[in-house]
Amino acid sequence: MDLFPLYNSIRVAAISTLITFFTGIAAAYYIAKTPRAVKGVCDCVLTLPLVLPPTVIGFFLLKAIGPLTPLGSFVLDVLGFRLTMTWYSAIFATTIVSFPLMYRTVRAAFEAFDKTYIYSGQTLGLSDFFIFRRVILPNCKQGILAFARALGEYGATSMVTGYIPGRTATISTTVYQLWREGNDALAYKWVAINLVISFIVLVAVNMLENRYRQPAGSARDALMDEL
């Protein structure tokens, strides 16, 4: 049994989750502070991939970074590598698909956060970085499922990476290919592997949420501990 699809899926999901984590938090943090009209427009744009079919996202990606597009041809001619039909092409697809989940969850948490603690920290002379790291983030650790979403992505990934055994294959594309070939026995094995990984991710997320779920006065305590 070739384990490359497992390795490639975890590699792609890990990289896209890392990108989504920082970009999603940054976008949610700053957009939550914008006027309502601006926030509405930004929400529509940033969460559009959440409602679009994955194949439509893949189509737009092909039209944006394909070898015949200005960007794709420039990268191919100048840098010498393709942006599609490679293993790292899946990172573009999984990042776009999983970003809205991260962004919406974190933005809702930011808006529900008691801003009195932020003002108190500023009054105490604490840096914005400290307030963000020790006060805001611990109150916003909920529902980070970007890794599981990226791991299971198929539609957009299959369009920009295709299926090349040992090069671009992921668990999702491998299951589809095995189904087409009538190899249900091996397809079931990959489905089981995907289910196990997804279950482990969900358990880990729940454990992290329970660990960092703070009582009402915990943000205040974090501020007082710094004095």
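**An all-helical chain with a lone salt bridge**

Of the 227 residues in the chain, 41% are buried. The model is a predicted one, and its secondary structure is simple to sum up: 12 helices and 0 strands. Read from the N terminus, that gives an α-α-α-α-α-α-α-α-α-α-α-α order of elements. Contacts lean heavily on sequence-distant partners: of those between residues at least 6 apart in sequence, 74% join residues at least 24 apart. As for the outside, about 12,600 Å² is exposed, with carbon and sulfur atoms supplying 67% of that area.

Salt bridges don't take long to list, as a search of the whole structure turns up just 1. It pairs Arg-104 with Asp-43, and the closest N and O atoms sit 3.6 Å apart. Arg-104 belongs to helix H5 (residues 89–112) and Asp-43 to helix H2 (residues 36–51), so the bridge ties together parts that are 61 residues apart in sequence. The two partners differ in exposure: Asp-43 is buried, at 11% relative accessible area, while Arg-104, at 38% relative accessibility, counts as partly exposed.

Further along the chain comes helix H10 (residues 171–181), where the buried residues are Ile-171, Ser-172, Thr-173, Thr-174, Gln-177 and Leu-178. After H10 comes Gly-182, which has a positive phi near 80°.

Helix H11 (residues 184–212) holds Ile-200. This residue is part of a nonpolar surface patch of about 500 Å², made together with Val-196, Phe-199, Val-203 and Met-207. The spacing of these names fits a general rule of thumb. An α-helix has 3.6 residues a turn, so residues three or four places apart point the same way.

Notes
Residues numbered from 1 in each chain as written. Predicted model: local features only at pLDDT ≥ 70, side-chain atom pairs only at ≥ 80, totals over all residues. Heavy atoms only, no water. Patch = residues over 30% accessible without salt bridge, like charges linked within 9 Å, V, L, I, M, F, W, Y side chains within 5 Å. Areas by Shrake-Rupley, 256 points an atom, 1.4 Å probe, with all protein chains shown as cover. Salt bridge = Lys/Arg side-chain N within 4 Å of Asp/Glu carboxyl O. Helix = DSSP H or I, 4+ residues; strand = E, 2+ residues; numbered from the N terminus. Buried < 20%, exposed > 50% of the residue type's maximum accessible area, 1.4 Å probe, protein only. Contact = heavy atoms within 4.5 Å.
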